Amino acid sequence: MATCDVCGEYENLPYQCKRCGQTFCAEHRLPENHDCPGLAEWDDPGGVFDSGFDESVEGGPAGDAGDGAGVLDRVKGRIDRETGTGGVLGYFRNNATYAILLAMWVTFVAQWIALFVGGEALHNTLFVLRSEAIANVWTWVTSVFSHAPGQLFHIIGNSIVILFFGPLVERAVGSKKFVGFFFGAGIAAGLGHVLFAIATNAPPTGVLGASGAGFAILGVLTVWRPNMQVLLFFVIPMKIKYLTWGIAIVSAALVVTTGTGGVGGIAHLAHLIGFAIGLAFGKRNEGLARSAGGMGGVSMGGARGPRGPGGPGGPGGRR
């Protein structure tokens, strides 16, 4: 059971294309109905069907050597194949949430190694998105995976949120779109926080952590399943809409009253940005959520869902 990668319709008996590895409904199962990259690569650069008869034919190794569009098509086709069921990255299909969690903990170990080898200076250069070093573009990404080394609760809290709620979003929209959404929200939340600090002439500030992306996930589910029951701190039951909107209101009040994006070492503005992105993404993809309802999907309405803690957070110059 899965959703069609073309129309998003939920299919009880999905078809998987052997060429591109994507999943389709009966209407789009034929290669010509889903613009399969294999149609433009009849000679199969992978070597399965390459006869070597005429390399001058368009799409062959020599015929499109100077064709930029042909190169891009081949690259896209290779990515589609490798991320499909038979590709080297096929394992991560429908498991992107767990791959992200693994990357977070591997990064956490790498942070400690960097601190041991080069001290705080090396650690901050590699892993912290800082207002005074915003040109270090790699930190736009690494900061999403990184967490305050001295605060184990920081990474544990974010991991719990992603583990409980990430799969619900991923199964509804697909792994590729989920990964793009996760990184887009995380990067936008971090950049928004440091750009606000720059615009307000605040002292140099840094941000790290997956809380912005975590709040984005919670924002999606606030739209899709506002009455889903969650357990705050594993103890207090409440509807997710009360939890997320409550945190958002408190964060907004702190940002407005203090005039800063972070209070008490918590990047409240990053949380708000992530939450807003999640609400917008959830609204835009409500159709996918409905078609994915039921087994392995997200049921719309007031049905009870997975129980889990109520969101990331914690002290220490992070989000």
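**Helix packing and burial in a predicted model**

Helix 4 (residues 152-173) packs against helix 5 (residues 175-199) at an angle of about 130°, and their axes are 7 Å apart. The model is predicted.

Q: Why is helix 4 called oblique to helix 5?
A: The angle between helix 4 and helix 5 is about 130°. Roughly perpendicular covers 65 to 115 degrees, and roughly antiparallel starts over 145. The value fits neither range, so helix 4 is oblique to helix 5.

Q: Which residues make the contact, and what is the hand of the crossing of helix 4 and helix 5?
A: The crossing is right-handed. Helix 4 supplies Ile-162, Gly-166, Val-169, Glu-170 and Val-173. Helix 5 supplies Ser-175, Lys-177, Phe-178 and Phe-182. By class, these residues are 5 nonpolar, 2 polar and 2 charged.

Q: What makes helix 4 oblique to helix 6?
A: The axes of helix 4 and helix 6 (residues 211-224) cross at roughly 45° and come within 9 Å. Angles under 35 degrees would count as roughly parallel, and 65 to 115 as roughly perpendicular. The crossing angle lies in neither range, so helix 4 is oblique to helix 6. This crossing is left-handed.

Q: Which residues of helix 4 and helix 6 meet?
A: From helix 4 come His-154, Asn-158, Val-161, Ile-162, Phe-165, Gly-166, Leu-168, Val-169, Ala-172 and Val-173. From helix 6 come Ser-211, Gly-214, Ile-217, Leu-218, Val-220, Leu-221 and Trp-224. The contact has 12 nonpolar, 5 polar and no charged residues.

Q: How do you know whether Leu-101 is buried or exposed?
A: Leu-101 lies in helix 2 (residues 96-127). Its relative accessible area is 11%. Buried means under 20%. Leu-101 therefore counts as buried.

Q: What does Leu-101 touch, not counting residues up to four places away in sequence?
A: Leu-101 touches Ser-159, Ile-162 and Leu-163. Leu-101 and Ser-159 are 58 residues apart in sequence, yet 6.5 Å apart in space, C-alpha to C-alpha.

Q: Why does Gln-111 count as buried?
A: Gln-111 also belongs to helix 2. Its relative accessible area is 0%. The cut-off for buried is under 20%, so Gln-111 is buried. Leaving out residues up to four places away in sequence, Gln-111 touches His-123, Phe-127, Ser-146, His-147, Pro-149 and Leu-208.

Q: Which residues of helix 3 (residues 138-145) are buried, and what covers them?
A: Thr-139, Ser-143, Val-144 and Phe-145 are buried. Their cover includes helix 2, strand 5 (129-130), helix 5 and strand 6.

Q: What makes His-268 count as buried?
A: His-268 lies in helix 8 (residues 268-284). Its relative accessibility is 9%. That value is under 20%, so His-268 is buried.

Q: Why is the link between the side chains of His-268 and Ser-251 called a polar contact?
A: The contact is 3.2 Å. A polar contact needs a pair of N or O atoms within 3.5 Å, one able to donate a hydrogen and the other to accept it. The His-268 and Ser-251 pair at 3.2 Å therefore satisfies the distance limit.

Q: How do you know whether Asn-201 is buried or exposed?
A: Asn-201 is found in the loop between helix 5 and strand 6 (206-207). Its relative accessibility is 70%. Exposed means over 50%, so Asn-201 counts as exposed.

Q: What is phi of Asn-201?
A: Phi is near 55°, a positive value in a residue other than glycine.

Definitions and conventions
Residues numbered from 1 in each chain as written. Predicted model: local features only at pLDDT ≥ 70, side-chain atom pairs only at ≥ 80, totals over all residues. Heavy atoms only, no water. Axes fitted to C-alpha atoms, helices over the stretch in contact; angles between N-to-C directions. Helix = DSSP H or I, 4+ residues; strand = E, 2+ residues; numbered from the N terminus. Left-handed = near helix turned anticlockwise from the far one by under 90°. Contact = heavy atoms within 4.5 Å. Nonpolar A, V, L, I, M, F, W, Y, C, P; charged D, E, K, R; others polar. Buried < 20%, exposed > 50% of the residue type's maximum accessible area, 1.4 Å probe, protein only.
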